[in-house]
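Okay, everybody, thanks for making room for me today. I'd like to walk you through one model, piece by piece, so please pull it up on your screens.

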Amino acid sequence: MTTRARSFDAAAASYAAHRPGYPPALLDAVEELAGRPLAGARVADVGAGTGIATALLHERGAEVVAVEPGDGMAAQLRRANPGIPVVRGDGDRLPLATGAFDLLTYAQAWHWTDPARSVPEARRVLRPGGALAIWWNDADLTVPWIAGQEARLAEFFGAADGNGFRTLPRGLDGFTSRSVRWSRRIPLDAHLANLASHSAFLMLGEAGTRDYFAAERELLAPLFPDGTVEESYVVGLHVTRV
């Protein structure tokens with residue numbers, strides 16, 4: 001898992017350019033379930049990557065610190081968000097003061113942690129009454145073309161490469177969950193670049209995936225004759241207070 005997590009560093013620029021963001025409704029739900037506004041809250045965005053969620057939290061008025069272990073990802077985050085502090089570390093070893101934060105966020109990142117370590121660390125750095133928010137942005141399988149693409153991905157990588165490792169941590173009770181649906185319209189090239197920025201493809205490398213993307217382009221091009229793809233997502237949000 002560590003090697004796979006670090007695969008993003010070599011593709012940080014593409015990750016920042018093509019990965020989807022998050023809709024305002026998600027941050028509204030974070031505020032509701034955490035029981036406080038983001039404005040003025042002390043927030044640590046853990047596994048921040050290139051800062052996609054970090055920047056949105058900052059725009060909401062949070063006093064946000066980004067925690068990121070990867071060299072390439074941290075460098076990209078700093079370039080895009082020069083006013084946001086970045087500290088090097090991960091959820092298993094948070095380089096943060098005890099009881100200092102109102103909210104910890106893990107956007108697409110909790111599954112890279114070892115819950116035996118990350119749960120005690122979350123408890124340590126959150127103030128009493130603080131909240132832990134975990135979310136994943138997943139393709140909306142109710143859309144037929146997306147379901148077809150996901151089936152091809154499962155066949156290409158094998159069923160074992162699915163999202164079964166995305167589980168909520170034991171030892172933390174009282175999670176409240178929400179689903180937030182949203183979509184974005186992007187060029188077909190950007191859609192394929194988004195797929196290519198996922199760790200499973202990065203681990204195989206361009207040579208190992210060239211034929212897959214050529215075939216995928218051939219399948220999708222007739223579905224989107226104007227060259228614009230509408231990607232539909234469901235964000236699964238899970239929040240608990242400690």
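Let's start in the sheet: over how many bridges do β5 and β7 pair, and is the sense parallel or antiparallel? The pairing is antiparallel, and it runs over nine bridges. If you want one spot to look at, find Asp138, which stands opposite Val234 in β7. And before I go on, please keep in mind that this is a predicted model.

Now zoom out a bit. The sheet is an open one made of seven strands, and the order across it is β3-β2-β1-β4-β5-β7-β6. The pairing in it is mixed. Out at the edges you'll find β3, residues 86-87, and β6, residues 176-187. Each of those has a single partner strand, so one side of each is left without a neighbour in the sheet. For anyone new to this, strands of a sheet pair through backbone hydrogen bonds, and that can be parallel or antiparallel.

Let's walk across it. Strand β1, residues 42-46, runs parallel to β4, residues 101-107, and three bridges join them. You can see that in Val43, which stands opposite Leu103 in β4, and in Ala44, which stands opposite Leu104. On we go from β4 to β5: those two are parallel as well, with six bridges between them. There, Phe101 has Leu126 in β5 as its bridge partner. Phe101 has another visitor, by the way: Arg42 lies over the face of its ring, 5.0 Å from the ring centre.

Further along, β6 and β7 run antiparallel and are joined by twelve bridges. Ser183 is a handy marker here, with Ser232 in β7 as its bridge partner.

So how many residues of β4 are buried? Seven of the seven, so β4 is largely enclosed by the rest of the structure. As for β7, eleven of its 14 residues are buried, so mostly covered is a fair description.

What lies across these strands? Helix α3 lies across β4, β5, β6 and β7, and it runs at about 10 degrees to β7. Helix α6, residues 115-125, lies across β4 and β5, at about 130 degrees to β5.

Let's stay with β7 for a moment and click on His238, which lies in that strand. His238 is buried, with a relative accessible area of 16%. Which side chain does the side chain of His238 make a polar contact with? That would be Ser177, at 2.7 Å. If we skip residues up to four places away in sequence, His238 also touches a list of others, including Leu132, Ile134, Trp136 and Phe175.

Next stop, the aromatic rings. There are eleven aromatic pairs in total. One of them is Tyr22 with Trp135, an edge-to-face pair at 5.7 Å centre to centre, with 80 degrees between the planes. Why is that pair worth a look? Tyr22 lies in the loop between α2 and α3, while Trp135 is in strand β5, so the pair ties together parts that are 113 residues apart in sequence. Both partners are tucked away: Tyr22 is buried at 12% relative accessibility, and Trp135 is buried at 0%.

Another pair is Tyr106 and Trp110: their ring centres are 4.7 Å apart and the planes are at 80 degrees, so this pair is edge-to-face. Tyr106 is buried with a relative accessible area of 1%, and Trp110 is buried at 2%. There's also a cluster, where ring pairs link Phe156, Phe157, Phe201, Tyr212 and Phe213.

Last one, I promise: Arg19. You'll find Arg19 in the loop between α2, residues 12-18, and α3, residues 24-34. Is Arg19 buried or exposed? Its relative accessible area is 11%, and buried means under 20%, so Arg19 counts as buried. Now look at what's around it. The side chains of Arg19 and Ser197 are joined by a polar contact of 2.8 Å. Those two residues are 178 residues apart along the chain, yet their C-alpha atoms are separated by 7.6 Å. Leaving aside neighbours within four places in sequence, Arg19 is also in contact with several others, among them Phe8, Ile52, Arg184 and His198.

That's my tour. Who wants to drive the viewer?

Notes. Residues are numbered from 1 along each chain as its sequence is written. This is a predicted model: local features need pLDDT of at least 70, side-chain atom pairs count only at pLDDT 80 or more; totals for chains, interfaces and linings use all residues. Side-chain values use heavy atoms; hydrogens and water are left out. Helices (H or I, at least four residues) and strands (E, at least two) are DSSP runs, numbered from the N terminus. Buried means under 20% relative accessible area, exposed over 50%, partly exposed in between (1.4 Å probe, protein chains only). Contact means heavy atoms within 4.5 Å. A polar contact is a pair of N or O atoms within 3.5 Å; within protein, one must be able to donate a hydrogen and the other to accept it, and residues adjacent in sequence count only if both atoms are side-chain atoms. Rings of Phe, Tyr and Trp (its six-membered ring) pair if their centres lie within 6.5 Å; planes under 30 degrees apart count as stacked, over 60 as edge-to-face and the rest as tilted. A charge sits over a ring if NZ of Lys or CZ of Arg is within 6 Å of the ring centre and within 35 degrees of the ring normal. Two strands pair if DSSP finds at least two bridges between them. Axes are lines fitted to C-alpha atoms, for helices over the stretch in contact, and angles run from 0 to 180 degrees between N-to-C directions.
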